[in-house]
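The exercises below ask the reader to work through a core, a helix and two pockets, each with a solution given in steps. Please have the sequence and the coordinates open before starting.

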Amino acid sequence: MMSIRQIVKQTLLTGYLTIEAENRLRQLLQTTKYGWEEIDAFMNLQQAAMAGIVKQQSRELQVGKT
């Protein structure tokens, strides 16, 4: 099972957050006890997404529907 940090690392390397990874992150955040390193990694991912460094598959699909 991948950790939050591993998912974030992979996403930052590829520059793309898949729906599968997004769902896995959501599940881990809701069901797992995590420390500051995990929170820090997740915050870095959020910042990268807001800055446009990481693209989100879920947002691309929403844009395609309009």
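**Exercise 1. Find the residues that Ile4 touches, not counting residues up to four places away in sequence, and then place Ile4 in the largest nonpolar core.**

Step 1. With contact taken as heavy atoms within 4.5 Å, Ile4 touches Leu25, Leu28, Leu29, Tyr34, Glu38 and Phe42 once residues up to four places away in sequence are left out. The model is a predicted one, in which local features need pLDDT of at least 70 and side-chain atom pairs count only at pLDDT 80 or more, whereas totals for chains, interfaces and linings use all residues. Residues are numbered from 1 along each chain as its sequence is written, and side-chain values use heavy atoms, with hydrogens and water left out.

Step 2. A nonpolar core is a set of buried Ala, Val, Leu, Ile, Met, Phe, Trp, Tyr and Cys residues joined through side-chain atoms within 4.5 Å, where buried means under 20% relative accessible area and exposed over 50%, with a 1.4 Å probe and protein chains only. The largest such core has 11 residues, among them Ile4, Leu25 and Leu28. To this core α1, α2 and α3 each supply at least two residues.

**Exercise 2. Which residues of α1 are buried, and how are they arranged about the helix axis?**

Step 1. The helix α1 spans 4-14, helices being DSSP runs (H or I, at least four residues) and strands likewise (E, at least two), numbered from the N terminus. Its buried residues are Ile4, Ile7, Val8 and Thr11.

Step 2. Seen down the axis of α1, these buried residues fall within an arc of 95 degrees (taken from the directions from the axis to the C-beta atoms), so they line one face of the helix. Lys9 and Leu13, on the other side of α1, are exposed.

Step 3. The buried residues of α1 pack against β1, α2 and α3, and just after the helix Gly15 takes a positive phi of about 75 degrees.

**Exercise 3. Which elements supply at least two residues of the lining of the largest pocket, and which gives the most to that of the second largest?**

Step 1. A pocket is an open set of points on a 1 Å grid where a 1.4 Å probe fits, with protein on both sides within 12 Å along at least five of seven lines, and lining residues have an atom within 4 Å of a point. The largest has a volume of about 240 Å³, and α2 (19-31) and α3 (36-50) each supply at least two residues of its lining.

Step 2. The second largest pocket holds about 180 Å³, and α1 gives the most to its lining, with four residues.

Notes:
Grid points are joined across faces, edges and corners, and a volume is the space filled by probe spheres set on the points.
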